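Biologist: Before we discuss details, please put the model in front of us. I shall then ask about particular residues and elements in turn.

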Amino acid sequence: MASVQFGQYAPARRVILHLSDTHLLAGDRLLGGRYDTAAQLRRTLAAAEATGVRPDAVVFTGDLTDLGEPEAYRALRAEVEPWAQRLGAPVVWVAGNHDERGALRAGLLDADATDAPVTGVWDLDGLRLIALDSTVPGWHHGDLDAGQLDWLRAELAEPAPLGTILALHHPPLPTHIPFFDILELRDQPGLASAIAGSDVRAILAGHLHYSTSGTFAGVPVSVSAASCYTMDLAAPADEVNGMDAGQSFHLVHVWDDTITHAVVPVVDAEPAGYFTPEWVARMAELTPEERLEAFSRKR
């Protein structure tokens with residue numbers, strides 16, 4: 001069945017799981033006295049595994065912990081690494097404004113606990129994934145200094161066979177929420193200049209605690225909502241606050257000519273049972289014309 005192509009597109013060349021803003025606290029403490037971030041992380045990981053997707057990489061776009069506590073990084077690693085090993089996928093850790101570079105580097109990367117930016121490059125069989133560090137030590141807004149932008153230019157100088165995806169915490173997008181405007185990514189023109197004319201095909205980000213998308217310098221940007229809590233966008237912009245609902249993650253499918261970002265809600269809901277593996281297998285046995293007759297024609 002896997003070899004049967006139902007539509008005009010062949011299977012995606014690469015698949016990435018994109019999660020964000022886990023905000024773990026040491027000792028499984030409740031975030032703000034109300035959000036069980038550890039339980040929500042486990043719930044999100046279980047939901048991602050239940051999709052049956054075996055991704056080429058798993059990307060966490062920052063705010064991995066809420067206070068940068070070493071114990072919280074150890075707890076995060078203990079939850080995620082066995083799960084990622086079952087999926088057979090490398091984990092890409094991106095720093096967020098709630099993280100502390102030194103503790104992150106020591107706790108997740110087995111690296112020296114320095115304040116150097118947490119960056120990296122992964123070759124996913126021809127698809128290049130670059131992690132940037134938009135954090136500003138001691139602050140919650142984002143920025144990319146000249147040194148990191150020069151490094152990015154050097155990495156992008158040679159195109160990758162399947163192009164490049166960037167991952168960073170602060171999205172280079174506008175937002176209608178006032179407090180996120182204050183904490184936006186600064187020097188966006190510098191980033192636009194660094195990727196101009198390159199093979200960057202998509203930008204993954206977090207920070208906003210709600211799913212959104214847009215374009216930056218002609219490149220699609222996709223923001224994954226948080227696993228811990230999300231923003232209640234049903235309220236007026238100056239009344240938006242967090243809520244323990246709407247958590248989700250993204251499935252990023254990479255084709256030769258396009259990339260899709262599917263929002264996968266983490267919910268407790270009973271789905272209908274019409275479409276099953278058996279139904280798909282029956283469709284696979286039909287010719288394309290028979291499939292259209294069986295499923296597309298209105299009765």
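Biologist: In which loop is Asn 97 found?

Modeller: This is a predicted model, in which local features need pLDDT of at least 70 and side-chain atom pairs count only at pLDDT 80 or more, while totals for chains, interfaces and linings use all residues. Residues are numbered from 1 along each chain as its sequence is written, and side-chain values use heavy atoms, with hydrogens and water left out. Helices (H or I, at least four residues) and strands (E, at least two) are DSSP runs, numbered from the N terminus. On that basis, Asn 97 lies in the loop between β3 and α3 (101–109).

Biologist: Is Asn 97 buried or exposed?

Modeller: The classes rest on relative accessible area: buried is under 20%, exposed is over 50%, and partly exposed is in between (1.4 Å probe, protein chains only). Asn 97 has 8% relative accessibility, so the residue counts as buried.

Biologist: Which side chains does a polar contact join to that of Asn 97, at 2.9 Å and at 3.1 Å?

Modeller: A polar contact is a pair of N or O atoms within 3.5 Å; within protein, one must be able to donate a hydrogen and the other to accept it, and residues adjacent in sequence count only if both atoms are side-chain atoms. Counting contact as heavy atoms within 4.5 Å, and leaving aside neighbours within four places in sequence, Asn 97 touches residues including Asp 63, Thr 135, Trp 139, His 140 and His 170. The polar contact of 2.9 Å is with His 169, and the one of 3.1 Å is with His 207.

Biologist: In what order do the five strands of the open sheet lie?

Modeller: Two strands pair if DSSP finds at least two bridges between them. The pairing in this sheet is mixed, and β3 (91–94) and β13 are the edge strands, each pairing on one side only. Neighbouring strands are turned by 20 degrees against each other on average, direction ignored. The order is β3-β2-β1-β12-β13.

Biologist: Which residue of β3 is the bridge partner of Val 59?

Modeller: Strand β2 (residues 57–61) runs parallel to β3, and four bridges join them. The partner of Val 59 in β3 is Val 92.

Biologist: What angle does the direction of helix α2 make with that of β3?

Modeller: Axes are lines fitted to C-alpha atoms, for helices over the stretch in contact, and angles run from 0 to 180 degrees between N-to-C directions. Helix α2 (residues 70–87) packs on the sheet and touches β1 (14–19), β2 and β3. Its direction and that of β3 make about 145 degrees.

Biologist: How many of the residues of strand β5 are buried?

Modeller: Leu 127, Leu 129 and Ala 131 point one way from β5 (residues 127–131), while Arg 128 and Ile 130 point the other way, and all are buried. The strand is mostly covered, and the count is five of five.

Biologist: Which residue of β6 is the bridge partner of Ile 130?

Modeller: On the one hand, β5 is joined to β4 (residues 120–124) by five bridges in the antiparallel sense. On the other, β5 and β6 (residues 164–167) pair in the parallel sense over four bridges. The partner of Ile 130 in β6 is Leu 166.

Biologist: How many residues has the largest nonpolar core?

Modeller: A nonpolar core is a set of buried Ala, Val, Leu, Ile, Met, Phe, Trp, Tyr and Cys residues joined through side-chain atoms within 4.5 Å. Those with the most contacts inside the largest one are Leu 132, Leu 152, Leu 166, Leu 191, Ile 195 and Ile 203. The elements giving two or more residues to this core are α4 (146–156), α6 (188–195), β7 (200–205) and β9 (219–223). Its size is 32 residues.

Biologist: Why is the pair of Phe 275 and Phe 295 edge-to-face?

Modeller: Rings of Phe, Tyr and Trp (its six-membered ring) pair if their centres lie within 6.5 Å; planes under 30 degrees apart count as stacked, over 60 as edge-to-face and the rest as tilted. The centres of Phe 275 and Phe 295 are 5.9 Å apart and the planes stand at 85 degrees, so the pair is edge-to-face. This pair links the loop between β13 (259–265) and α7 (277–284), which holds Phe 275, to helix α8 (residues 288–296), which holds Phe 295. The value that decides the class is the angle of 85 degrees.
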